[in-house]
Every structure is written in C-alpha cells, then in structure tokens.
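Work through the exercises below with the structure open. Each one sets a task and then solves it in steps.

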Protein chains: 2
Amino acid sequence: MNQIITIGREFGSGGRELGHKLAQELKIAYYDKQILAEIVEMTEFSKEYVQEVVENRLTYMLPPAFSTGMSLGNEYQIMQMQKIIKAQTEVIKEMAAKSSCVIVGRCADYILRDTEDIDLVRLFVYADMDSRIRRCMERAPQGENYTEKELEKHIRRVDKNRANYYSDFTLQKWGDKSNYDMCINTTNMRIDDIVPHLGKMFF
Amino acid sequence: MNQIITIGREFGSGGRELGHKLAQELKIAYYDKQILAEIVEMTEFSKEYVQEVVENRLTYMLPPAFSTGMSLGNEYQIMQMQKIIKAQTEVIKEMAAKSSCVIVGRCADYILRDTEDIDLVRLFVYADMDSRIRRCMERAPQGENYTEKELEKHIRRVDKNRANYYSDFTLQKWGDKSNYDMCINTTNMRIDDIVPHLGKMFF
C-alpha cells in the first residue's frame with residue numbers, strides 16, 4: 001500500500017524542508033513545484049496564469065461580486081476555475097496512486113482524505129512569527145535585504161493567500177488541527193533532529 | 001537539565017495513556033492526579049472543594065457577575081481563587097524542578113513556559129468525536145452503560161470545563177496549536193506505535 005505524507009505549512013516554518021528531508025529519509029518521491037507544472041500541462045493554461053491563481057485564491061479570476069454570492073460570474077471564468085480544481089485533484093491523485101510520496105501544499109490532505117488503498121498521514125508545520133522571520137532572513141538569496149517588518153508583512157500575505165485558497169477549495173479552515181494527523185511547531189525544534197523519528201512513527 | 005513533557009488533551013483522546021507510556025519509555029516521573037492531592041495539601045482546602053474547582057472553572061466559586069466584570073466579587077472568594085492558582089503554580093514548578101517528568105493537564109504548559117534550566121516540550125493530544133466515543137466505550141468500567149449520545153454529551157462537557165479552566169488561568173485558548181510544540185491526533189494512530197519514536201524525538 002502506498003504511504004503518502006501530505007504537508008500543509010505556514011510560510012517560513014520549514015515545512016518544505018521537513019517534507020523534503022522526510023522523503024529522503026523514507027526514500028520515497030517528493031512533490032512540490034512539480035504539481036504546478038503538471039496542472040499547467042493538464043489545463044493548457046499558461047504557467048503564469050496558473051501560478052497567479054494557485055498563489056492567490058480560486059475565486060481570484062472571478063468578478064469580485066461572485067465570491068460574495070452577488071453574481072453568478074462569467075461562465076467562461078467559472079469553467080476556468082473548475083478546470084484548475086479538476087486538474088489539481090487529478091494530479092495529486094495520480095501522484096498518490098503511482099508510489100509512496102511526500103506532497104507539499106495544494107490541498108493534498110483534503111483531496112486524498114477518503115482515498116482507499118493508501119496509508120495517509122496529514123502533517124501541518126507551523127512556527128512563531130519571530131522564528132519564521134529569522135528563518136527567512138537566514139535563507140534569503142544574496143542581495144535580498146528585506147527588513148523584519150517587510151518580511152513579516154510578506155509572511156502574513158502568503159499565509160493569507162494559502163488560507164484563502166485552501167478554504168475556497170476545501171470549505172475547511174486552513175491550519176485547523178482537526179484536519180491533520182499531526183501538527184509540528186518548528187520554533188524550538190531542529191528539523192534534522194525530528195525527521196528520522198518522524199519517518200519511523202507512521203509507517 | 002530536567003526534561004519536562006506537558007500534555008494537554010481532549011477527553012477520550014488517549015492523552016493520559018500517551019503521557020503515561022511516554023514516561024515509562026523515557027523512565028521519568030509521571031504526574032496526573034497527584035497534582036490535585038498536592039494542591040489540597042498546600043491550600044488545606046478539602047479534596048472535594050479543590051476537585052470541584054479544578055474540574056469546572058476558576059471563577060466557579062465567584063458570584064456569577066464577577067466573571068463578566070460586573071462586580072469585584074466577594075473578597076474571601078477571590079482569596080480562595082488566588083490560593084488555588086498559587087498552589088497549582090508552585091506544585092507544577094516543584095515537580096519540574098525535582099526531576100525529568102511528564103505532567104498531564106493543569107495548565108502545566110503555561111506555568112512552565114518561561115522556566116529556565118528545563119527542556120520543555122508541550123504536547124496536545126486530540127481526536128475525532130467518533131474515535132473518542134469508541135475509546136470511552138471500550139474502556140468503560142463494568143456496569144457503565146452510557147449510550148453514544150450520552151457519552152458525546154459528557155465528552156463535550158468535560159472539554160468545555162477544561163477549556164474554561166485553561167482560559168481562566170492562562171488567558172489563552174485551550175487547544176490553540178500555537179501554545180504547543182506538537183499536536184497529535186490519535187484518531188488513526190495506535191499510541192503504542194508512536195510512543196517509542198516520540199520519546200526519541202525530543203531529548
């Protein structure tokens with residue numbers, strides 16, 4: 001039976017690093033940015049367009065009134081939204097059917113929640129704001145010199161987009177612990193210290 | 001440095017079992033009901049009285065208007081409340097100072113949050129309502145025949161009391177993942193499977 005670990009994560013909490021190292025530890029596949037590429041391929045939309053949508057919110061492409069129920073929106077736009085939802089669902093399900101893997105983001109916990117014949121573990125990774133700012137500063141590409149205040153604003157914006165996209169897609173609250181098997185606060189933990197034990201815990 | 005694991009838990013989620021087995025695994029002390037006994041000893045209140053308070057809410061003993069800020073309450077009652085808060089804080093701090101240990105409940109995560117010279121890990125254990133009802137049924141003492149509906153009502157009442165007591169004491173939200181280092185959903189996990197790895201993860 002394929003072992004699938006999905007990882008939701010607050011921006012800057014180290015969720016992607018944890019997912020990547022967990023996949024290495026368990027010697028299983030790791031999917032992250034590849035999901036976007038496969039949605040692009042499946043929908044035949046441009047990469048920029050799909051990125052714009054999945055990094056904002058599903059209703060991003062609809063007229064503002066749609067999300068407040070004031071209008072049924074433009075039929076063409078609704079069709080585009082449905083295409084993205086369908087492609088994202090299919091891509092994630094195919095990944096889980098193919099082999100054991102770690103999947104970061106993209107509502108995978110929700111998409112796979114009732115899938116039979118897989119061993120599913122849903123993780124959520126989070127951390128205090130200070131620790132996330134520190135982490136972003138340590139890993140900033142050379143030449144990027146955001147102040148702490150700018151970074152905090154950026155972190156809050158990315159998280160808000162993730163929360164919106166997740167709730168548009170799943171009608172559930174992003175980060176609500178009842179939707180996950182384990183929530184890990186990386187504020188006082190070294191990811192390298194926990195990954196070997198985490199791997200053994202589930203499978 | 002003493003290694004302290006505090007465990008907050010939803011009723012019926014297996015948090016106490018997890019804590020007990022973790023203490024055995026790590027060969028460290030385990031505190032649960034003993035905390036109540038020590039508060040009784042320290043305050044010289046009756047066991048029944050202390051139990052009534054800690055299993056309800058701190059403001060339980062105050063006139064109803066007090067908790068809504070309508071009255072300053074009765075001086076004697078406020079003093080009693082302060083005695084309980086002080087005793088609970090001292091008992092937990094003494095336990096943490098004495099040796100490495102697991103402490104279940106009693107706002108220990110909050111009381112110890114800024115304590116120096118200890119290695120603190122704060123866990124919260126939770127589970128779906130169905131799984132908690134099943135767990136309670138499996139472990140019911142002989143002769144106890146609650147229906148599922150009655151059990152659900154009981155579980156919700158105990159959790160509400162825990163949430164109230166925690167928020168009276170800490171001014172924080174009980175079960176809010178930001179107050180814990182790890183939150184563990186036992187719905188799809190066997191406690192025996194995770195305890196050995198959990199023990200190694202932190203210390």
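**Exercise 1. Describe the contact between chain A and chain B.**

Task: state how much area is buried between chain A and chain B, and what share of it carbon and sulfur atoms give.

Solution. Step 1: in this predicted model, chain A and chain B bury about 1800 Å² between them; buried area is the accessible area (1.4 Å probe) that two parts lose on being put together, summed over both. Carbon and sulfur atoms give 59% of that area.

Step 2: in chain A, the residues that lose the most area to chain B are Lys177(A), His197(A) and Met201(A), together 33% of what that side buries.

Step 3: list the participants. Chain A brings 21 residues to the contact and chain B brings 21 residues, where contact means heavy atoms within 4.5 Å.

Step 4: look for salt bridges across the interface of chain A and chain B; the rule finds zero. The rule asks for a side-chain nitrogen of Lys or Arg within 4 Å of a carboxyl oxygen of Asp or Glu.

Step 5: look for a charge over a ring. The charged end of Lys177(B) sits over the ring of Tyr126(A), 5.3 Å from its centre. The criterion is NZ of Lys or CZ of Arg within 6 Å of the ring centre and within 35 degrees of the ring normal.

Conventions: residues are numbered from 1 along each chain as its sequence is written, and chains are lettered from A and ligands numbered from 1 in the order in which they are written. Local features of this predicted model need pLDDT of at least 70, side-chain atom pairs count only at pLDDT 80 or more, totals for chains, interfaces and linings use all residues, and side-chain values use heavy atoms, with hydrogens and water left out.

**Exercise 2. Relate the two copies.**

Task: which rotation superposes chain A on chain B?

Solution. Step 1: superpose the copies by least squares on the C-alpha atoms of residues with pLDDT of at least 70 in both. The result is a rotation of 180 degrees with 0.0 Å of shift along its axis, at RMSD 0.0 Å.

Step 2: name the relation, which is that of a two-fold axis.

Step 3: compare the surfaces. Both copies use the same surface, as 100% of the contact residues of chain A recur in chain B.

**Exercise 3. Analyse the aromatic pairs.**

Task: how many aromatic pairs does a search of the whole structure find over all chains?

Solution. Step 1: the search gives eight. Rings of Phe, Tyr and Trp (its six-membered ring) pair if their centres lie within 6.5 Å; planes under 30 degrees apart count as stacked, over 60 as edge-to-face and the rest as tilted.

Step 2: take Phe124(A) and Trp174(A). Their rings are edge-to-face, 5.4 Å centre to centre with 80 degrees between the planes. This pair links distant parts of the chain, 50 residues apart: Phe124(A) is in strand β4 (residues 118–126) of chain A, and Trp174(A) is in the loop between α8 (148–170) and β5 (182–185) of chain A. Helices (H or I, at least four residues) and strands (E, at least two) are DSSP runs, numbered from the N terminus.

Step 3: check burial. Phe124(A) and Trp174(A) are buried; buried means under 20% relative accessible area, exposed over 50%, partly exposed in between (1.4 Å probe, protein chains only).

Step 4: compile the cluster. Phe124(A) and Trp174(A) form one aromatic cluster with Tyr180(A).

**Exercise 4. Analyse the salt bridges.**

Task: how many salt bridges does the rule count over all chains?

Solution. Step 1: the count comes to 26.

Step 2: examine Arg132(A) and Asp159(A), whose side chains meet in a salt bridge (2.3 Å, N to O). Arg132(A) is in helix α7 (residues 129–138) and Asp159(A) in helix α8 of chain A, 27 residues apart. Both Arg132(A) and Asp159(A) are buried.

Step 3: examine Arg113(B) and Asp114(B), where the closest N and O atoms of the salt bridge are 3.8 Å apart. Arg113(B) counts as partly exposed because its relative accessible area is 39%, and Asp114(B) counts as exposed because its value is 62%. Arg113(B) also lies over the face of Tyr110(B), at 3.8 Å from the ring centre.

Step 4: examine Asp181(B) and Arg122(B), joined by a salt bridge (3.0 Å, N to O). Asp181(B) is buried, with a relative accessible area of 3%, and Arg122(B) is buried at 14%.
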